[in-house]
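Trainee: I have a structure open and would like to learn how to read its features step by step. Could you take me through them?

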Amino acid sequence: MRTLCLSLGFFLLCPTTWLFSQEVALAPTARKALIMLEFFDSEGEPVQYDFELVGRQSGESIKGSVNAEGKIQLLLPVGDDYDLHIAGHKNYDLLSVANLPFRSYILQVEILPELLGQLLPSESEAVVNFSLKDFEGNILDGETIMLKRESSDQDFHGITDADGKLTLKLPNGEDYIVSFQHAPDYVRIDIPEVKNLVLDFDLEYSGANSGSKYPSLTTGLINFRFYDYRTMEKIGGELFTVTNARTGEQYTEISDENGLAQVVVPLGDPYTLSHKYNPNFRQGEVKAEHRYHVFILNVDYESVPSGEREAYIRFQEQAEAIRDSLARNIVDFWADSPEETANKIAKTTERVKSALQSNSNLFTENRNTVLSVFDRVGEKWRDKTVVTDLTCSMDPYMEEILVWQGLDRIEGESTKYVFFNDGDGKPNRLKEMGKTGGIYQSNSTNMVDIITVMMQTKIRGCSGDKAENDLEALLSVASGIQPKQELILIADNYSNVRDIELLDQLNIPVRIILCGTEGRFGKKPGANPQYLTIARRTGGSIHTMQSDLWDLSELREGDEIVINNQKYLVQNNEFIPVR
């Protein structure tokens, strides 16, 4: 079956000539022997196969393919035995390399079909070995693989064996379309026009399972798998959405009992991936790398089950109701007209100025969130646009905005104001994403003018529900923000963001002042995770009465922060409260 020839120094102890008819690119060393490997058939004609040599002691694996003349040169460490695997068939032969320095060997291997147990290639036909597994690496036996020759529609097919293997003899120089029982036009393969060619193809396929979805030559497959991040339990009932960023078309699926949601989308467009409570957590283009590849994206989504998020939202709403009931007992600073309100603010401002002379911690002691933040970091925000939630529960913080305007503590400060009320009292059923309305702007520095716009916003009505149109309000002015200007959001920590799905449209940093974390109206709550996510994704920051979080965008997946003794985990490009 083979001839093994030993060389001592420069003298070969067997009759060979081919080695000397070509330049030798490799040379033996003290630790590696030079192996000249040659494959031929029973008639002495060269044949071309892939091979693998595996050292029994070292475990080292060397893979390659002989050339059209059936030859290859390689270096092997000395003092080891090597199992020779040919065309995927294990232990076809054994090669022993003595522990001697500077030695060369010629290994001639006769390829016998009865030993390989497979077809032999020819000048016009290749032998193709398929190996079929699912996406978790499990062997798929008993699966039918069908191939259609593109140039002639000629069909070839077979069934995988117990090892998930199938060998077919196919005309070379052709492209073939591979299909499965439930997955037509799954992928394209190329058989080069090479004589005596043996090819190995590893295919991945989820199997002929009822209800499963598959990619194709024109569609890609996105497999979402939802896990509870604490226990890694697979969770069903979770809604995932894939949105075509070019056309706006959406594809939605709900995870099954194994936590799996499969979405099939057309190739060639950019898409955004969303979970019900985490819109647009990832973006990317769905396309195969080239015409012979299939597009499959596996997304392991580790998070908090939706049931817990909904319980958290109910908790927020209850806390907000308690806060609002306590806030109603505060003396209302609004008067009947903007002028009268401005007079009240002027008197309050004078009292604050006087108190600040003897107490620099006045704002913190009084739990004035807006005043504390502006006093602490206002020097960095000289030129700014302040977007403010002016729904019913935010009255106490509106007074702080006006007092800060009246204090005029920072030289050269320039502030524009945008107020929003989530739709001018519009019924929830009429509120359209990005078009809810109730947004008013003031570019004046005159106190009466600012109060006039505030009163117009307030009189038009409260939002009618808990969530607000924060992103719509921010986007209404974002395009006008210059490089050295700041965009500030004064947000109600108790209210969720109705239009969080618009976040990917906002591409400038947002500085968020969170009102309601200071415990002014009861127990100190944690920070609303949606506002943390807005700050992170825009490269902005979070500011509470006592702390500033500047670098949220630099946090990595799995990092944690703490606000008011509440821990938050960065997961899937959002923040999750850790309980």
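Mentor: Let us begin with a term for cover: a residue is called buried when its relative accessible area is under 20%, exposed when it is over 50%, and partly exposed in between, with a 1.4 Å probe and protein chains only. Keep in mind that this is a predicted model, in which local features need pLDDT of at least 70 and side-chain atom pairs count only at pLDDT 80 or more, while totals for chains, interfaces and linings use all residues. Residues are numbered from 1 along each chain as its sequence is written, and side-chain values use heavy atoms, with hydrogens and water left out.

Trainee: How many of the residues of helix α6 are buried?

Mentor: Helices (H or I, at least four residues) and strands (E, at least two) are DSSP runs, numbered from the N terminus. In α6, 10 of the 13 residues are buried, so that the helix is mostly covered. Among them are Tyr397, Met398, Ile401, Leu402, Val403 and Trp404, and also the charged residues Asp395 and Glu400.

Trainee: What span should α6 have, and what distance lies between its end C-alpha atoms?

Mentor: The expected span of a helix is 1.5 Å times one less than its number of residues. For α6, which covers residues 395–407, this gives 18 Å, and the end C-alpha atoms are 19 Å apart, which agrees. Just after the helix, Asp408 takes a positive phi of about 50 degrees.

Trainee: Which residues other than glycine also have a positive phi?

Mentor: Met232 is one of them, with a phi of about 60 degrees, and it sits in the loop between β17 (219–228) and β18 (239–244). Arg367 is another, with phi near 60 degrees, and its place is the loop between α4 (362–365) and α5 (369–377). Met232 is partly exposed at 39% relative accessibility, and Arg367 is partly exposed with a relative accessible area of 39%.

Trainee: How many salt bridges does a search of the whole structure find?

Mentor: The general idea is that side chains of opposite charge can pair when their charged atoms come close. A salt bridge is counted when a side-chain nitrogen of Lys or Arg is within 4 Å of a carboxyl oxygen of Asp or Glu, and the search finds 22 of them. One of these joins Glu379 and Arg382 at 2.5 Å, N to O, where Glu379 is partly exposed at 49% and Arg382 is partly exposed at 34%.

Trainee: Are the partners Lys431 and Asp422 buried or exposed?

Mentor: Lys431 is buried, with a relative accessible area of 12%, and Asp422 is buried at 0%; their side chains meet in a salt bridge of 2.9 Å, N to O. Arg511 and Glu486 form a salt bridge too, with their closest N and O atoms 3.1 Å apart. This pair links distant parts of the chain, since Arg511 is in strand β28 (residues 510–515) and Glu486 in strand β27 (residues 486–492), 25 residues apart. Both Arg511 and Glu486 are buried. In addition, Asp228, Arg230 and Glu308 are linked in a network of salt bridges.
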